[in-house]
Amino acid sequence: MTKPRKTVGKFYWLEGVFASEVTSAMSPEYARRYRWVLTPRAQRLAVVLSVWAWVMSAYGAVDGPGSFGFGASLYSWWCLATVPSYLLLRASIRVVADAPDELIDERLVAIRDRAHLLAYRWLSLVVMVVFGVLVGISESSDTTIDGEAMVFGSFIMLFVTASLPSMVVAWQGAVGPDE
Amino acid sequence: MLRRVGRKPKTDTPVHNRLEAVREARGMTRADLADAAGVHYQTIGYIERGEYSPSLSLALTLARVLRTDIHDIFSLAPFTKRRDQAR
């Protein structure tokens with residue numbers, strides 16, 4: 001782990017994190033304060049919640065009559081759960097999956113890189129499934145996908161893409177509480 | 001069963017270490033050693049438990065920080081009591 005010269009207030013654009021966010025998450029104080037979040041059970045729960053929020057949001061996007069899925073359908077409000085579930089997921093793994101090289105050591109770099117590799121492979125599967133669903137919907141004469149649903153679906157895919165590496169790290173329990 | 005990333009070294013040849021013994025002999029905590037070596041404090045724990053094999057550069061850095069030879073800390077053969085005492 002290299003020691004950066006100036007990281008106070010630095011924002012890593014490629015990774016989408018603040019230096020203070022990563023260094024704070026790596027501290028022993030963070031492990032003491034948020035021990036309950038770092039447990040394998042909490043990490044897997046965060047993964048399950050994220051997936052549930054995506055599925056329900058996607059259902060709301062197709063089912064809801066209003067704009068951006070905030071229609072009469074109850075399921076469309078699940079999209080509000082995508083952001084906190086994403087933040088919980090990142091916090092449960094100490095932001096490892098999104099950390100830049102200079103703020104983490106070689107062991108964490110290996111964990112992060114391996115997670116991105118697996119996430120990329122899972123993403124190809126997710127894209128195939130989504131494509132199949134869209135084709136199935138378009139072939140159906142009862143349901144149509146309008147522009148708003150497409151935008152909403154893109155919003156969900158954004159979180160899917162951003163969350164997958166964190167989900168891999170969380171599910172495998174590679175980053176846990178202090179032992 | 002899902003394989004845990006970073007929990008076990010991905011090598012067929014196990015690397016034995018007595019990092020904890022040497023560290024304690026120097027009166028250092030894991031946090032002290034981690035700060036001196038420039039790694040996360042949990043990484044020291046993983047190395048000591050044999051769940052992570054450090055890179056050559058990190059192993060040499062740890063040896064330098066602990067002011068000892070790298071072979072006093074890491075070995076391909078298990079450390080025995082006699083070898084321990086010899087050091």
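Rings of Phe, Tyr and Trp, the last taken by its six-membered ring, are counted as a pair if their centres lie within 6.5 Å. In this predicted model, F11(A), W13(A) and F18(A) form one aromatic cluster, and over all chains the structure holds 4 aromatic pairs. The rings of Y30(A) and Y34(A) have their centres 4.9 Å apart with their planes at 50°, so this pair is tilted. As for the surroundings of these two residues, Y30(A) counts as buried because its relative accessibility is 13%, which is under 20%, whereas Y34(A), with a relative accessible area of 29%, is partly exposed.

Aromatic rings of chain B also take part in contacts with charged groups, and the table lists two cases in which the charged end of an arginine sits over a ring.

| Charged residue | Ring | Distance from ring centre |
|---|---|---|
| R18(B) | F79(B) | 5.8 Å |
| R49(B) | Y46(B) | 5.0 Å |

Turning to helix packing, two packed helices are described by the angle between their axes and the distance between the axes. In chain B, helix α2, which covers residues 30-37, and helix α4, which covers residues 56-65, have axes that come within 9 Å and cross at roughly 115°, and α2(B) passes α4(B) in a right-handed crossing. On the side of α2(B), the contact is made by L33(B), A36(B) and A37(B), while α4(B) contributes L58(B), T61(B), L62(B) and V65(B). Sorted by class, the residues in this contact of α2(B) with α4(B) comprise 6 nonpolar and 1 polar, with no charged residues.

Terms used:
Residues are numbered from 1 along each chain as its sequence is written. Chains are lettered from A and ligands numbered from 1 in the order in which they are written. This is a predicted model: local features need pLDDT of at least 70, side-chain atom pairs count only at pLDDT 80 or more; totals for chains, interfaces and linings use all residues. Side-chain values use heavy atoms; hydrogens and water are left out. Axes are lines fitted to C-alpha atoms, for helices over the stretch in contact, and angles run from 0 to 180 degrees between N-to-C directions. Helices (H or I, at least four residues) and strands (E, at least two) are DSSP runs, numbered from the N terminus. A crossing is left-handed if the near helix is turned anticlockwise from the far one by less than a right angle, and right-handed if clockwise. Contact means heavy atoms within 4.5 Å. Ala, Val, Leu, Ile, Met, Phe, Trp, Tyr, Cys and Pro count as nonpolar, Asp, Glu, Lys and Arg as charged, and the others, Gly among them, as polar. Rings of Phe, Tyr and Trp (its six-membered ring) pair if their centres lie within 6.5 Å; planes under 30 degrees apart count as stacked, over 60 as edge-to-face and the rest as tilted. Buried means under 20% relative accessible area, exposed over 50%, partly exposed in between (1.4 Å probe, protein chains only). A charge sits over a ring if NZ of Lys or CZ of Arg is within 6 Å of the ring centre and within 35 degrees of the ring normal.
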